[in-house]
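Work through the exercises below with the coordinates open. Each task is followed by a solution in steps.

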Amino acid sequence: MKRFLRMYGVEQKLFFRSPDVILFNLIMPLVTLILITMIAGNKNAADSGLTYLQSSYVALSTVGICCSAFMSIPISIVEYRSQGVLRRMYCSPCSPARLLACDTLASGVMAAISTLILTAAAVIVFGYRMSGNVLVYVAAWLLTMISMFSIGLMVASLCRTTKAMNVATSVLYFPMLLFSGATIPAEVFPAWFQPIAKLMPLGVGIDLLKSVSMGCYDSIAVPVMTLTAIAVICGTIAVKTFRWE
């Protein structure tokens, strides 16, 4: 356990020292929330039953998940593989699986910190209050994170080179960030595009979180089953196809 915590501490420090992680995980969601709230915070977001503040808070709480799942995890794992770190660790007493677990945990912590900062700003500064149960919301958020992380791990397993990984992460990250409703509220999308946004894996998670935040628990069964299926399928593929070198 001491070895794990020591290795985790190193990985977490590397994340905190990364300008990209700080910018996209921590600063961008907060700045976006402030701008949207200042412009249209208390206005109704179309016919969603939410204000722009309520909608934006829920959506932006997944930005940290998006950045960690589709950028941090695949980049770290593929770079470790391409540099031979995993291969050398495989033949040493220090298990490479421990390194991957520490890296994934560090990514999850960054996503959680991003959401906590966002929550503090929304509640303290803008007076946000959630209609639904907070514990249920946390559970839904964790399910969304696990599901998205399974996709990131699958990409890391399937991509053998950094070039392939860069292409795959770009194809996943930017559409998820921009078109799933994570940064731009889905309510402002054209009517014909909104179903497309909700079909994206992260869009499913955001839809689930919005329902939970409103206390509408009768509509969460399908998103929960969808996210669970994604986690199981992608997680299984990640395990079956993973290579240390």
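**Exercise 1.** Locate Ser-211, classify its exposure and list its contacts beyond the local sequence.

Solution. Step 1: Ser-211 is found in helix H10; helices are DSSP runs of H or I with at least four residues, and strands are runs of E with at least two, numbered from the N terminus. Step 2: its relative accessibility is 11%, so Ser-211 counts as buried. The classes are buried under 20% relative accessible area, exposed over 50%, and partly exposed in between, with a 1.4 Å probe and protein chains only. Step 3: with neighbours within four places in sequence left aside, Ser-211 is in contact with Cys-216, Ser-219 and Ile-220, contact being heavy atoms within 4.5 Å.

The model is predicted, so local features need pLDDT of at least 70 and side-chain atom pairs count only at pLDDT 80 or more, while totals for chains, interfaces and linings use all residues. Residues are numbered from 1 along each chain as its sequence is written, and side-chain values use heavy atoms, with hydrogens and water left out.

**Exercise 2.** Describe how H7 and H10 are arranged, and name the residues in the contact.

Solution. Step 1: two packed helices are described by the angle between their axes and the distance between the axes. Step 2: helix H7 covers residues 134–158 and helix H10 residues 201–214; their axes come within 9 Å and cross at roughly 175 degrees. Axes are lines fitted to C-alpha atoms, for helices over the stretch in contact, and angles run from 0 to 180 degrees between N-to-C directions. Step 3: H7 and H10 are therefore roughly antiparallel; angles under 35 degrees count as roughly parallel, over 145 as roughly antiparallel, 65 to 115 as roughly perpendicular and the rest as oblique. Step 4: H7 contributes Val-136, Tyr-137, Ala-140, Trp-141, Leu-143, Thr-144, Met-148 and Ile-151 to the contact, and H10 contributes Pro-201, Leu-202, Gly-205, Leu-208, Leu-209, Val-212 and Ser-213.

**Exercise 3.** Is Leu-209 buried or exposed, and which residues does Leu-209 touch?

Solution. Step 1: Leu-209 lies in helix H10. Step 2: with a relative accessible area of 0%, Leu-209 is buried. Step 3: not counting residues up to four places away in sequence, Leu-209 touches Val-58, Ser-61, Thr-62, Tyr-137, Ala-140, Trp-141 and Thr-144. Step 4: take Ser-61 from that list. Ser-61 is in the loop between helix H3 (52–60) and H4, and is buried at a relative accessible area of 0%. Apart from neighbours within four places in sequence, Ser-61 is in contact with Thr-115, Leu-118, Tyr-137, Trp-141 and Leu-209.

**Exercise 4.** Determine the arrangement of H4 and H8, then examine Phe-179.

Solution. Step 1: the axes of H4 (residues 63–82) and H8 (residues 162–179) come within 10 Å and cross at roughly 180 degrees, so the two helices are roughly antiparallel. Step 2: residues of H4 that meet H8 include Phe-70, Met-71 and Pro-74, and among those of H8 are Leu-172, Tyr-173 and Met-176. Step 3: Phe-179 lies in H8 and, at 38% relative accessibility, counts as partly exposed. Step 4: leaving aside neighbours within four places in sequence, Phe-179 is in contact with Phe-174, Phe-189, Phe-193, Ala-197 and Met-200. Step 5: Phe-179 and Ala-40 are 139 residues apart in sequence and 20 Å apart in space, C-alpha to C-alpha.

**Exercise 5.** Characterise Ile-22 and Ile-27 in helix H2.

Solution. Step 1: helix H2 spans residues 19–40 and holds Ile-27; Ile-22 lies in H2 as well. Step 2: Ile-22 is partly exposed, with a relative accessible area of 23%, and Ile-27 is partly exposed at 40%. Step 3: not counting residues up to four places away in sequence, Ile-22 touches Phe-16, Ile-27 and Met-110. Step 4: the C-alpha atoms of Ile-22 and Gly-235 are separated by 27 Å, with these positions 213 residues apart along the chain counted as their sequence separation.
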